[in-house]
2 protein chains.
Amino acid sequence: MKYKKIEGSIAAAKGFSASAVHVGIKKSKLDVAIIYSEVPAVAAGVVTKNKLKAAPVLVTKKHLKDGMLQAIVVNSGNANACTGSAGLTHAKDMAILTAQGLHISPQQVAVASTGVIGVPLPMDKITKGIDLCAKNISTHDPEDAALAILTTDTYPKKIAIEIKLSGKTVKIGGIAKGSGMIHPDMATMLGFITTDAAIEKEELKKLLRQVNDNSFNMISVDAETSTNDMLIIMANGMANNPTITSRDHPDWVVFKDALQWVATYLAKEIARDGEGASKFIEIQVTGAASEKQARLAARAISCSPLVKTAMYGADANWGRIACVVGYSGAQFKLEKLKIKIGQHVLYANDAPQEFDEAVLKKLLQGKTITLKVDLGVGHYSADAWGCDLTHDYVNINASYRS
Amino acid sequence: MKYKKIEGSIAAAKGFSASAVHVGIKKSKLDVAIIYSEVPAVAAGVVTKNKLKAAPVLVTKKHLKDGMLQAIVVNSGNANACTGSAGLTHAKDMAILTAQGLHISPQQVAVASTGVIGVPLPMDKITKGIDLCAKNISTHDPEDAALAILTTDTYPKKIAIEIKLSGKTVKIGGIAKGSGMIHPDMATMLGFITTDAAIEKEELKKLLRQVNDNSFNMISVDAETSTNDMLIIMANGMANNPTITSRDHPDWVVFKDALQWVATYLAKEIARDGEGASKFIEIQVTGAASEKQARLAARAISCSPLVKTAMYGADANWGRIACVVGYSGAQFKLEKLKIKIGQHVLYANDAPQEFDEAVLKKLLQGKTITLKVDLGVGHYSADAWGCDLTHDYVNINASYRS
């Protein structure tokens, strides 16, 4: 591994802590959490492009405007979306309650919710939860926050790494949740990243967008862009590294690479644990005319229900991949188009290539599958990540509310 | 019913006949068919916008250029797509063999294929099939053609109606197939329509595009645009009605309405029999700022795996419909947005509306579900048709090739 993995996930970086409780929004699991920095942190965020933004998304967008945050409050089990003006008041109240508990300003609090759409938030439970989280903020196991944000996820997504910037130890930690309604558009499901790096507001904002485009924005579970997607980063500067001020700063590339690695790690974890998924699918597109086209093709393949069901059935039905390339909108040269599953070339030189069905079957029965497509027109590439479409996806979603 | 339903489907109109045989491309079902007009017919077609067009699509496009056809040859069980230059030769040979059997010109023959992608066409079987079909063209049960074009469809889609144009009896008949990889883009899966109406080439071409946009282009089974989609109409003029020459012709509207009805009937049949479908879903979008936006929203809802699984599970999870509206790209006013399932209002006045879960559950357990969305910004509307996403869709597509 390129980076030194450390404990503590979202609270690994200096000055960060987190806590979580169960108050009954979900039946029996942790459902309210707070992430806190003991000093105000430079912050940036990207939120869903869905026009129907949930109330917490609207509140968080507003609170992110000055580029500073000191806490994030989040609940699972209820999305507080399509809940009208009452929902907006509830989201604002979540920020106010958190601010009161932590003795900070409400404008310094980001609010996030995830769960069912269109059901009023149970504010009695939320109030109790925020109160408890704020009280226990420094004593609580910080990794519980990774559990508290889950919905149909089967395991928590968390990571923390350590890097050196100008000789100073800097930590970056993050948690995320995904599972269903996952097809981020310039944003993500819920993803929270903390770091003690010192970096200027504007640089952090730019970096987050760039990093997000190559991580969360390249995963899809079911091609559904949620109302609640949100990725937030807080950088509190407590590592005391020389502040990263621009692209020309000597530490810029090191920090960017580390941040990209953390975001990609979390994004891939979401794809791996997609609703009902039994397999993780990595799509590598090369030979594209532009980065945009590479992304277009890679994402289209990751979204195809026919490719996803074929992978579920361990069926090397590469024709479905070709079909997706055809309707993806990406340019390609048919005579140079190449389709591979793992190392096996299935289509090349404008003709199907012979392959050993038994070998492919065995390969496709594995837990991780790599699909490679060379479009044969340029030198741009992109990776996307997804999962198979299984009976369990149908099971889970035919009865989500009940 | 608005129109008089008659027997004969694709061969109902005067001068048309059809035949079909089983030659072993599919295991045990009819797999090669010919549709024939005893005189050359004015013809028009729309084909898939997938950049990876199958060989028969390329041949048919070419043969449609002069706006005249006398026969259509079609096979199921093999799509002849991604089969390189050999595939193109095979598709051309299908036209030549059909022309020889029927004593017409190869340029007068449209070629269509449907089935697995990337497998060479078994030309020995195809040759035998075309030979038999041509020989029996006038004696065969014409409705067999509707069976011969099926893949994973569970029943044949066919219709024929009778109308009066300037006192003359005119017949319109059609067959179609669908099931999987169904998300037509300015074209369709396989749809063939015949009529004995007399109409000018250019008018027929314009009419077909218009009719197709409101029928086949508004259905989706799995958001996959196939490599082989094709809708062809032949009008042989044998009804002897005064030739329809323009929009101003007195019979134009009557003929257009009838053609629209036939195309919509066939398109809805495809949605109803979508791969693994247990329910037919009709989506009615109103209050849109433009027809394009109405179509955008309606189609997005028909494609959503989360809406489709909720319908499968008879779960009135209207929040998922709201979410789709939000990411569909269509404009809406949140305070005027209205979401209904059947006659039950679930969202209005920017707030969730109370509803009786038991009543909705019962409604959603029916075979036909109507979802209504008013975007609250204009007066345009569009209908789309789809089906639920079921365990059987996964079953069928996890093992399509085997």
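# Helix packing and nonpolar cores in a two-chain model

Several elements of chain A, including β3 (32-47), β4 (68-78), α2 (84-102), β5 (109-116) and β9 (230-235), cover the buried residues of helix α1(A). This is a predicted model. The points below cover that helix, the nonpolar cores, three helix pairs in chain B, and two residues with a positive phi.

**Helix α1 of chain A**

- Helix α1 of chain A spans residues 55-63, and its buried residues are A:Ala55, A:Pro56, A:Val57, A:Val59, A:Thr60 and A:His63.
- An α-helix has 3.6 residues a turn, so residues three or four places apart point the same way.

**Nonpolar cores**

- The largest nonpolar core holds 109 residues. The members that touch the most others in this core are A:Phe192, B:Phe255, B:Ile301, B:Leu371 and B:Leu375.
- The biggest contribution to this core comes from helix α6 (residues 252-272) of chain B, which supplies 10 residues.
- Leaving aside residues up to four places away in sequence, B:Leu375 touches B:Val285, B:Thr286, B:Gly287, B:Ala288, B:Ala297, B:Val325, B:Ala330, B:Gln331, B:Phe332, B:Lys333 and B:Leu337.
- There is also a second, separate core of 107 residues, with A:Ile219, A:Leu259, A:Val262 and A:Leu375 among them.
- In soluble globular proteins, nonpolar side chains tend to be buried together.

**Helices α8 and α9 of chain B**

- Helix α8 (residues 305-312) of chain B packs against helix α9 (residues 318-327) of chain B at an angle of about 160°, and their axes are 9 Å apart. Because of this angle, α8(B) is roughly antiparallel to α9(B).
- The two helices, α8(B) and α9(B), make a left-handed crossing.
- On the α8(B) side the contact involves B:Leu306, B:Val307, B:Thr309 and B:Ala310, while α9(B) provides B:Arg320, B:Ile321 and B:Val324.
- Five residues of this contact between α8(B) and α9(B) are nonpolar, one is polar and one is charged.

**Helices α1 and α2 of chain B**

- Helix α1 (residues 55-63) and helix α2 (residues 84-102) of chain B have axes that come within 8 Å and cross at roughly 50°. That angle is why α1(B) counts as oblique to α2(B).
- The crossing of α1(B) and α2(B) is right-handed.
- From α1(B), the residues in contact are B:Ala55, B:Pro56, B:Leu58, B:Val59 and B:His63, and from α2(B) they are B:Gly87, B:Leu88, B:Ala91, B:Lys92 and B:Ala95.
- This contact of α1(B) with α2(B) has seven nonpolar residues, two polar and one charged.

**Helices α5 and α6 of chain B**

- The axes of helix α5 (residues 201-213) of chain B and α6(B) cross at roughly 45° and come within 10 Å. The angle therefore makes α5(B) oblique to α6(B).
- This crossing of α5(B) and α6(B) is right-handed.
- In α5(B), B:Glu203, B:Leu207, B:Gln210 and B:Val211 meet B:Trp252, B:Phe255, B:Lys256, B:Leu259, B:Gln260 and B:Ala263 of α6(B). By class, six residues of the contact are nonpolar, two are polar and two are charged.
- One of these, B:Phe255, is also among the residues that touch the most other members of the largest nonpolar core.

**Residues with a positive phi**

- Most residues other than glycine have a negative phi.
- A:Asp350 is not a glycine, yet has a positive phi of about 55°. A:Asp350 sits in the loop between β12 (344-348) and β13 (351-352) of chain A, and is partly exposed, with a relative accessible area of 23%.
- B:His103, also not a glycine, has a positive phi of about 60°. The loop between α2 and β5 (109-116) of chain B contains B:His103, which is exposed with a relative accessible area of 73%.

Technical notes
Residues are numbered from 1 along each chain as its sequence is written. Chains are lettered from A and ligands numbered from 1 in the order in which they are written. This is a predicted model: local features need pLDDT of at least 70, side-chain atom pairs count only at pLDDT 80 or more; totals for chains, interfaces and linings use all residues. Side-chain values use heavy atoms; hydrogens and water are left out. A nonpolar core is a set of buried Ala, Val, Leu, Ile, Met, Phe, Trp, Tyr and Cys residues joined through side-chain atoms within 4.5 Å. Buried means under 20% relative accessible area, exposed over 50%, partly exposed in between (1.4 Å probe, protein chains only). Helices (H or I, at least four residues) and strands (E, at least two) are DSSP runs, numbered from the N terminus. Contact means heavy atoms within 4.5 Å. Axes are lines fitted to C-alpha atoms, for helices over the stretch in contact, and angles run from 0 to 180 degrees between N-to-C directions. Angles under 35 degrees count as roughly parallel, over 145 as roughly antiparallel, 65 to 115 as roughly perpendicular and the rest as oblique. A crossing is left-handed if the near helix is turned anticlockwise from the far one by less than a right angle, and right-handed if clockwise. Ala, Val, Leu, Ile, Met, Phe, Trp, Tyr, Cys and Pro count as nonpolar, Asp, Glu, Lys and Arg as charged, and the others, Gly among them, as polar.
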